[in-house]
Amino acid sequence: MPVYVLHLMNSYQPNPPFMDAIKQYIDQHQQRFLDEVIDFLKIPSISADSAYKADVQRAAAWLEAKFQALGMDRVEIFPTEGHPIVFAEKKVAEDKPTVLVYGHYDVQPPDPMDLWHSPPFDPVIKDGKIYARGACDDKGQVYMHLKAVELLQEMGELPCNLKFIIEGEEEVGSTHLAPFVQNHQDLLQADIILISDTSMIANDTPSITVGLRGLSYVEVEVVGPNRDLHSGTYGGAVDNPINVLCEMIASLKDEDGRITIPGFYDKVVNLSEAERKELAKRPFDQEAYQAALGIKATRGEAGYSTTERASIRPTLDVNGIWGGYIGEGAKTVLPSKASAKISMRLVPNQDHKEITQLFKAHFEKIAPPTVQVTVTPHHGGQAAAVSIETPGYRAAAKAMGEAFGKTPIPTREGGSIPIVALFQEVLGVDTVLMGFGLNSDAIHSPNEHYGIFNYLIGIDTIARFHQHFAEAE
Ligand code: BES
Ligand code: MN
Ligand code: MN
């Protein structure tokens, strides 16, 4: 049985009896905590693939039952035109603050399947980690919050009122959550929003995320001749849509790695030297980074560090590209069309809708007269920045400080959780991004995993957060 190794870490304990009780409870119940989350991970709640619609619903129902078992006052599944939203609430006292926990129970498709060492929806524990799609992103992290409720209730009463909103469409752009938030502002009112869907620097270097990038995602199609052609008969005379697409994509960045779309950087807020210095304090080992990814060098926008390129600077990347013959052997063909999926990660102040428009206008403009280009926008979202000067951040820093024995470092991350900016805008409530994953957990990749240490210390830290937030308010 894996052992909860917290006691190995030299944490300082301002309130020993309470802390010891938390540790003890987790130690005693860790096997069941693991069994339960494994049960959850067995449900293939893939939001992107309509073939799994029933499974996504099953995951929502699974959560509903778990919330009911926790004795929540209200548990409700809100159907949407897409996947359902799970809401739960427990009110302990009028005069206590309310924490709204957000997370998602949907997962990314597991492809490519052949690269998994064990089936993605048949979780296994190996080397102290749970391997399964969604183990870290975000089912494992969501379930920590339910276990923190159990723990606090077993130890007495919840220190604050709690609301949960767990959606099933985060991985496909939170399409139906956005209007839901607009239409349920009273239901969602809270003093703080707490989210565990991000990562930490390392298990011995806790951090709290204070910035997320936004996203603009488009699909492009380049169409040439009205049919596939013999590449000998026509090659050299008729423009090849795949060649054209590659040229167009290549022109979107200059030799300094800067994006060439006119107006792209206009609204980017450049960090001050002082802010960049502060960020640079984050420990980072370039060699280890490269070794972990099996690359000999990194490349990006000139004048910025690897950490900056992956967090505070915007990007443009091809996520997928196709066209022509990709079957076995060689087929001599000049394809009639080519396509690509392109994402742009955005930073605060860049508006994703505006960037999508800038992309579209530019991409259509640079198309040669030999082809026809269509740009279709997919989902997007705004970047988010959260302050460290809030009672929520302070409670999180205190909780992490106690559980890990080290003060957490505020960090900005490159991923996106579009609903965070919307929560800020519509509900006017601050968010705390207290995640427990690691960048090495392979989220969205084959062999996604989540450390048992992370899972258990997450439960511990979340319980402490509720305690400290309630005390501060
Ligand atoms: N949990 C991630 C976002 C994330 C990952 C934040 C790592 C910080 C560090 C989330 O589930 C995710 O994958 N979001 C998508 C957003 C998109 C589908 C709109 C993303 O970032 O690609
Ligand atoms: Mn996530
Ligand atoms: Mn994700």
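The following exercises, with worked solutions, concern a predicted model.

**Exercise 1. The site of the manganese ion (ligand 2)**

Identify which residues coordinate the manganese ion (ligand 2), and state how its geometry is classed.

*Solution.*

Step 1. The coordinating atoms include NE2 of His 104 and OD atoms of Asp 137 and Asp 197, at 2.0 to 2.4 Å. Asp 197 appears twice among these contacts.

Step 2. Along the sequence, the donor residues follow the spacing H-x32-D-x59-D.

Step 3. The angles among the six donor atoms run from 57 to 165°. Six donors count as octahedral if opposite donors are over 155 degrees apart and all others lie between 65 and 115. An angle of 57° falls outside these limits, therefore the site is irregular. For reference, ideal angles for six octahedral donors are 90 or 180 degrees.

**Exercise 2. The second metal and the placement of the donors**

Determine which residue coordinates both manganese ions, and where His 104 and Asp 197 lie in the chain.

*Solution.*

Step 1. The manganese ions (ligand 2 and ligand 3) are separated by 3.6 Å, and Asp 137 coordinates both.

Step 2. His 104 belongs to strand E3 (residues 98-104), whereas Asp 197 sits in the loop between strand E7 (192-195) and strand E8 (199-200). These two residues are 93 residues apart, and the pair links distant parts of the chain.

Step 3. Buried means under 20% relative accessible area. His 104 has 0% relative accessibility and therefore counts as buried. Asp 197 is also buried, because its relative accessibility is 12%.

**Exercise 3. Strand E2 and its partners**

Describe how strand E2 pairs with strands E1 and E6, and decide whether its residues are buried or exposed.

*Solution.*

Step 1. Strand E1 (residues 74-78) pairs with E2 in the antiparallel sense over five bridges, and a hairpin of six residues joins E1 to E2. Opposite Phe 87 of E2 stands Glu 76.

Step 2. Strand E6 (residues 161-167) also runs antiparallel to E2, with five bridges. Here Lys 163 is the bridge partner of Glu 89.

Step 3. Six of the six residues of E2 (residues 85-90) are buried. Ile 85, Phe 87 and Glu 89 point one way, and Val 86, Ala 88 and Lys 90 the other way.

**Exercise 4. The second largest pocket**

Characterise the volume and lining of the second largest pocket.

*Solution.*

Step 1. The pocket holds about 440 Å³ of space.

Step 2. Its lining has 16 residues, with Val 210, Leu 271, Glu 275, Leu 279 and Arg 412 nearest its centre. Helix H7 (273-280) and strand E17 (409-412) each give two or more residues to this lining.

Step 3. By class, the lining comprises 10 nonpolar, one polar and five charged residues.

Note on methods. Residues are numbered from 1 along each chain as its sequence is written. Chains are lettered from A and ligands numbered from 1 in the order in which they are written. This is a predicted model: local features need pLDDT of at least 70, side-chain atom pairs count only at pLDDT 80 or more; totals for chains, interfaces and linings use all residues. Side-chain values use heavy atoms; hydrogens and water are left out. Donors are N, O and S atoms within 2.8 Å of the metal (3.2 Å for Na, K and Ca); water is not among the atoms, so sites may look incomplete. Four donors count as tetrahedral if all angles lie between 85 and 135 degrees; four count as square planar and six as octahedral if opposite donors are over 155 degrees apart and all others between 65 and 115; anything else is irregular. Helices (H or I, at least four residues) and strands (E, at least two) are DSSP runs, numbered from the N terminus. Buried means under 20% relative accessible area, exposed over 50%, partly exposed in between (1.4 Å probe, protein chains only). On a 1 Å grid over the protein atoms alone, a cavity is a set of points where a 1.4 Å probe fits but cannot get out, and a pocket is an open set with protein on both sides within 12 Å along at least five of seven lines; lining residues have an atom within 4 Å of a point. Grid points are joined across faces, edges and corners, and a volume is the space filled by probe spheres set on the points. Ala, Val, Leu, Ile, Met, Phe, Trp, Tyr, Cys and Pro count as nonpolar, Asp, Glu, Lys and Arg as charged, and the others, Gly among them, as polar. Two strands pair if DSSP finds at least two bridges between them.
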